[in-house]
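Me: Could you take a close look at one part of this structure with me, and then show me how the rest fits around it? I have the sequence and the model open.

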Amino acid sequence: MKISVYRFNPDTDTKPRMQDYEVKTFQGMMLRDALLEVKKQDESFSFRHSCGEGVCGSDAVNANGRNVLSCVTPITELKSPILVRPLPGRPVIRDLVVDMTQFYEQYRAVKPYLVRKDPLPEQEILQSPADRDKLDGLYECILCGCCSTACPSFWWNPDKFHGPAALLQSWRFLADTRDQATEERLDALEGPYKLFRCHSIMNCVEVCPKGLNPTRAIGHIKELMLDKGL
Amino acid sequence: MSRQASGLMAWLMQRATAVYLAFATSYLVVHFFFNAPASHADLVAWVTRPAVAVGLILCVPVLLAHAWVGVRDVLIDYVHVLGLRVGLMLVFGFVFLASGLWSLKAIITAGLGG
Ligand code: SF4
Ligand code: SF4
Ligand code: FES
């Protein structure tokens with residue numbers, strides 16, 4: 001099978017190029033296995049990966065124009081030759097390794113932790129099963145970045161628009177009955193940029209390897225703002 | 001308080017005006033498709049019915065508000081040079097305002113002329 005990967009080393013190359021490799025396939029082969037095979041043939045090739053089972057979120061790449069998590073993407077699902085590029089819109093550090101700093105900054109900006117004003121109880125803060133269910137479809141995010149780097153609004157304003165991944169987490173804590181910072185969280189999202197650059201293009205929903213729906217979460221935030229703001 | 005300003009309000013305005021425009025255009029399309037006025041006199045009679053007149057006149061500011069939020073969104077997305085963006089916003093703002101005033105004048109003169 002032919003696989004064509006993006007190569008770029010900012011220290012030595014003036015511009016990026018695509019390099020072809022011939023890789024032997026096997027039953028159940030994932031895109032990550034193919035990249036490992038390339039790495040075996042050519043040590044100078046770099047990409048990120050770790051767990052190999054869709055948990056760590058480190059190996060998101062763009063395959064045939066679509067952002068995927070390479071370890072859970074069977075090569076049989078990809079049209080050959082497979083073109084593998086780094087996540088779009090991010091500065092390339094080397095080959096498929098990109099700089100995700102802005103993505104993490106946006107995540108940090110939504111305060112992705114419980115904020116409690118009441119004194120903390122001795123034991124855990126209990127939640128009814130119904131309240132706990134509200135967090136399903138939100139907490140599963142592995143911060144792979146497939147969504148935000150597929151979002152045109154994030155491409156144009158990565159420094160100001162929080163992007164789908166961070167906004168999904170923002171809603172995850174707004175929806176949590178144990179959290180007590182609703183007003184502050186909403187205030188922090190006001191203005192034309194952080195939340196309202198989302199135009200419901202839904203690229204994020206399309207690519208999320210965990211099947212999550214940031215667009216819906218963003219809609220919930222807007223509804224809650226309306227609810228509290230008017 | 002700051003929550004009222006440029007984010008939520010703009011979004012809400014875009015939604016609300018979109019709903020109005022959707023109803024207005026569907027009504028216009030349906031009306032002109034199934035019940036198109038046969039003559040100029042018929043058209044005038046239809047337009048001067050109070051409900052129709054108010055509905056049509058309202059379309060002007062609603063359409064302009066909708067267009068303004070849309071244009072502003074496009075400029076925020078794509079024009080990152082601040083001076084250029086402000087300049088374009090002024091140009092569009094001026095054009096929209098002028099069109100609004102011009103339509104208003106047209107409506108008033110038409111109303112006075114019968
Ligand atoms: S929402 Fe989905 S695509 Fe986005 S970072 Fe989380 S797991 Fe990845
Ligand atoms: S729905 Fe919003 S966050 Fe998702 S890709 Fe579109 S603009 Fe980005
Ligand atoms: S290697 Fe961990 S998610 Fe793919």
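In which loop of chain A is the place of A:Pro81?

Reply: Happy to help. Please keep in mind that this is a predicted model. A:Pro81 sits in the loop of chain A that runs between β4 (66-69) and β5 (82-85). What catches the eye there is the bond to the residue before: A:Ser80 and A:Pro81 are joined by a cis peptide bond, with omega at about -5°. As background, most peptide bonds are trans, and most residues other than glycine have a negative phi.

The second half of that background leads to another spot in chain A. A:Asn64 is not a glycine, yet its phi is positive, at about 50°. This asparagine is also a loop residue, placed between β3 and β4 of chain A.

A further loop of chain A, the one between α1 (31-41) and β3 (60-63), holds A:Ser50. Leaving aside residues up to four places away in sequence, A:Ser50 touches A:Arg32, A:Cys56 and A:Ser58. If you measure from A:Ser50 to A:Cys71 on your screen, you should find 9.1 Å from C-alpha to C-alpha, for two residues that are 21 apart in sequence.

Now for the charged pairs. Side chains of opposite charge can pair when their charged atoms come close. Over all chains, a search of the whole structure finds 13 salt bridges. One of them links A:Lys117 and A:Glu184, whose side chains meet with N to O at 2.6 Å. A:Lys117 belongs to the loop between α2 (101-109) and α3 (129-133) of chain A, while A:Glu184 is in helix α6 of chain A, so this pair ties together parts that lie 67 residues apart in sequence.

From here it is worth turning to where the two chains meet. On chain A, 18 residues are in contact with 16 residues of chain B. The area buried between the two chains is about 1700 Å², and carbon and sulfur atoms give 54% of it. A:Trp156, A:Glu190 and A:Arg197 together supply 30% of the area that chain A buries against chain B, more than any other three residues.

A:Arg197 also takes part in a salt bridge, with B:Asp73 as its partner and the closest N and O atoms 2.6 Å apart. Across this interface the rule finds two salt bridges, along with eight residue pairs in polar contact. On the side of chain A that touches chain B, α6 (182-189) and α8 (214-229) each supply at least two residues. Of these helices, α8(A) gives the most to that side, with five residues. Sorted by class, the chain A side has eight nonpolar, four polar and six charged residues.

Finally, chain B has something to show you as well. The largest pocket has a volume of about 470 Å³. It is lined by 15 residues, and the closest to its centre are B:Val47, B:Ala106, B:Ile107, B:Ala110 and B:Gly111. Three helices of chain B, α2 (40-47), α3 (50-78) and α4 (82-113), each supply at least two residues of the lining. The largest share, five residues, comes from α4(B). By class, this lining has 10 nonpolar and five polar residues, with no charged ones.

How values were computed. Residues numbered from 1 in each chain as written. Chains lettered and ligands numbered in written order. Predicted model: local features only at pLDDT ≥ 70, side-chain atom pairs only at ≥ 80, totals over all residues. Heavy atoms only, no water. 1 Å grid on protein atoms, 1.4 Å probe; cavity = no way out; pocket = protein on both sides within 12 Å on 5 of 7 lines; lining within 4 Å. Points joined across faces, edges and corners; volume = space filled by probe spheres on them. Helix = DSSP H or I, 4+ residues; strand = E, 2+ residues; numbered from the N terminus. Nonpolar A, V, L, I, M, F, W, Y, C, P; charged D, E, K, R; others polar. Contact = heavy atoms within 4.5 Å. Buried area = accessible area lost by both parts, 1.4 Å probe. Salt bridge = Lys/Arg side-chain N within 4 Å of Asp/Glu carboxyl O. Polar contact = N/O pair within 3.5 Å; in protein donor to acceptor, adjacent residues only side chain to side chain.
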